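Reader: I have a model on my screen and would like to understand the labels that go with it. Could you take me through them and show how each one is reached?

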Amino acid sequence: MILENIKYGRIRHLTLLDPEKNGPGNIKGVIEFINDSGSDGIMVGGSTNTDQESVDELVVAIKRSTKKPVILFPSSPEALSPHADAIFYLSLLNSSSLKYVVGYQVQSARLLKRTKMEVISVAYLVFEPGMTVGKVGSAKLIGREDVSTALDYATAAELMGFQAIYLEAGSGAPLSIDPAVVKAVCEDMTIPVLVGGGIRDPATAKKILDSGAAAVVTGTVAESDPAVLGKIVSAIKS
Ligand code: 1GP
């Protein structure tokens, strides 16, 4: 069970692959790097709309080259594949558009209930600078150092019964979310907290995990500097 593995520290690092940048044709080499890095799983998703066919083809190609779990991280109900092991069933709680809070979830609910995939309900909170997901998701961005608002949303997520919380600075963010915010949220939560966006070096990844995050997610680094990916994972696991 992927949620259990996140909860009990067996999944500490996830690598995000964007179907827009990675096709089934070029994925083998990327997966080899990820396999060698020791990353605990692969997330598939991006902020812009991707059709079901390209997501499915990518997931199938990834599964062919790795035994690591593949988790969907969908931007829309179209970005699904029955071949993944799990899905982060995201609700962007600080979006001003109902579609990202509950609309997309309603569209895919009956389909997901019938799949064998593990469905993990995740409260997705987008922080400054938010990058593409902040814009596309019409997020009312939470300040990078705004502990109070972060706690308001995270507590609401916990009380509403979400299984996990995802603190997102946006892919390609120049800085990750402030570790002090991560610490304040994690100290007060009984559900696992994932953190992503702007994590590009071992020290930052370690600081975020030491602040209480259950797992960190890196995306850009796997594409721009695969050698660093291994260093990040080693730092996390040391
Ligand atoms: C996944 O947004 C992250 O949630 C990935 O961010 O591309 O900045 O690592 P990076």
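Author: Happy to. Let's begin with Ser138, which sits in the loop between α5 and α6. Please keep in mind that this is a predicted model.

Reader: Why is Ser138 called partly exposed?

Author: The relative accessibility of Ser138 is 29%. Buried means under 20% and exposed means over 50%, so at 29% Ser138 counts as partly exposed.

Reader: What is the phi of Ser138, and what makes it worth a remark?

Author: Phi is about 45° there, a positive value, although Ser138 is not a glycine. Met131 can be described in a similar way: its phi is near 50°, again positive in a residue other than glycine. Met131 is placed in helix α5.

Reader: Is Met131 buried or exposed, or something in between?

Author: In between: its relative accessibility is 25%. The buried label needs a value under 20% and the exposed label one over 50%, so Met131 is partly exposed.

Reader: Which residues does the cis peptide bond in this part of the chain join, and how do you know that it is cis?

Author: The bond joins Glu128 and Pro129, and its omega is about 0°. Pro129 belongs to the loop between β5 (118-126) and α5 (131-136).

Reader: Now for a residue in a helix. Why is Arg114 called exposed?

Author: Arg114 is in helix α4, which covers residues 98-114. Exposed requires over 50%, and Arg114 has a relative accessible area of 65%, so the label exposed applies. As for its place in the fold, the C-alpha atoms of Arg114 and Pro82 are 9.9 Å apart, with their positions 32 residues apart in sequence.

Reader: What makes Gly41 buried?

Author: Its relative accessible area is 0%. The cut-off for buried is under 20%, so Gly41 is buried. Gly41 lies in strand β2 (residues 41-44). Leaving out residues up to four places away in sequence, Gly41 touches His13, Leu14, Thr15, Lys68 and Pro69. The C-alpha atoms of Gly41 and Ile11 are separated by 7.4 Å, although the two are 30 residues apart along the chain.

Reader: And how do you know that Met43 is buried?

Author: By the same reasoning: Met43 has a relative accessible area of 0%, and buried means under 20%. Met43 is in strand β2 as well. Neighbours within four places in sequence aside, Met43 is in contact with Leu14, Thr15, Leu16, Leu17, Ile71, Phe73, Phe88, Tyr166 and Val217. Lys99, 56 residues from Met43 along the chain, is separated from it by 22 Å between C-alpha atoms.

Reader: Which residues of helix α7 are buried, and what covers them?

Author: In α7 (residues 179-188) the buried residues are Pro179, Val181, Val182, Ala184, Val185 and Cys186. Their cover includes α6 (147-159), β6 (164-168), β7 (193-196) and α8 (202-210).

Reader: Which residues touch the most other members of the largest nonpolar core?

Author: Those are Ile62, Ile165 and Leu167, in a core of 54 residues. Helix α3 (residues 52-65) gives the largest share of this core, 5 residues. Apart from it there is another core, of 27 residues, with Ala86, Tyr104, Val126 and Tyr166 among them.

Reader: What does Ile165 touch?

Author: Not counting residues up to four places away in sequence, Ile165 touches Val122, Ala123, Leu125, Ala154, Ala157, Met189, Ile191, Pro192, Val193 and Leu194.

Reader: Let's step back to the whole chain. How do you know that its radius of gyration agrees with that of a compact globule?

Author: For 238 residues, a compact globule would have a radius of gyration near 18 Å; the protein chain has 16 Å, which agrees. The C-alpha atoms fill a box of roughly 45 × 40 × 30 Å along the principal axes. The chain has 10 helices and 8 strands, and 55% of its 238 residues count as buried.

Reader: What share of the contacts comes from residues 24 or more positions apart?

Author: They account for 72% of the contacts with a separation of 6 or more.

Reader: And what can you say about the surface and the charges?

Author: The accessible surface is about 10300 Å², and 53% of it belongs to carbon and sulfur atoms. There are 23 positive and 26 negative charges, and their mean positions are 5 Å apart.

Terms used
Residues numbered from 1 in each chain as written. Predicted model: local features only at pLDDT ≥ 70, side-chain atom pairs only at ≥ 80, totals over all residues. Heavy atoms only, no water. Helix = DSSP H or I, 4+ residues; strand = E, 2+ residues; numbered from the N terminus. Rg over C-alpha atoms; globule rule 2.2 N^0.38 Å. Buried < 20%, exposed > 50% of the residue type's maximum accessible area, 1.4 Å probe, protein only. Contact = heavy atoms within 4.5 Å. Areas by Shrake-Rupley, 256 points an atom, 1.4 Å probe, with all protein chains shown as cover. Lys, Arg positive; Asp, Glu negative; His and termini not counted. Charge placed at Lys NZ, Arg CZ, Asp CG, Glu CD. Core = buried A, V, L, I, M, F, W, Y, C linked by side-chain atoms within 4.5 Å.
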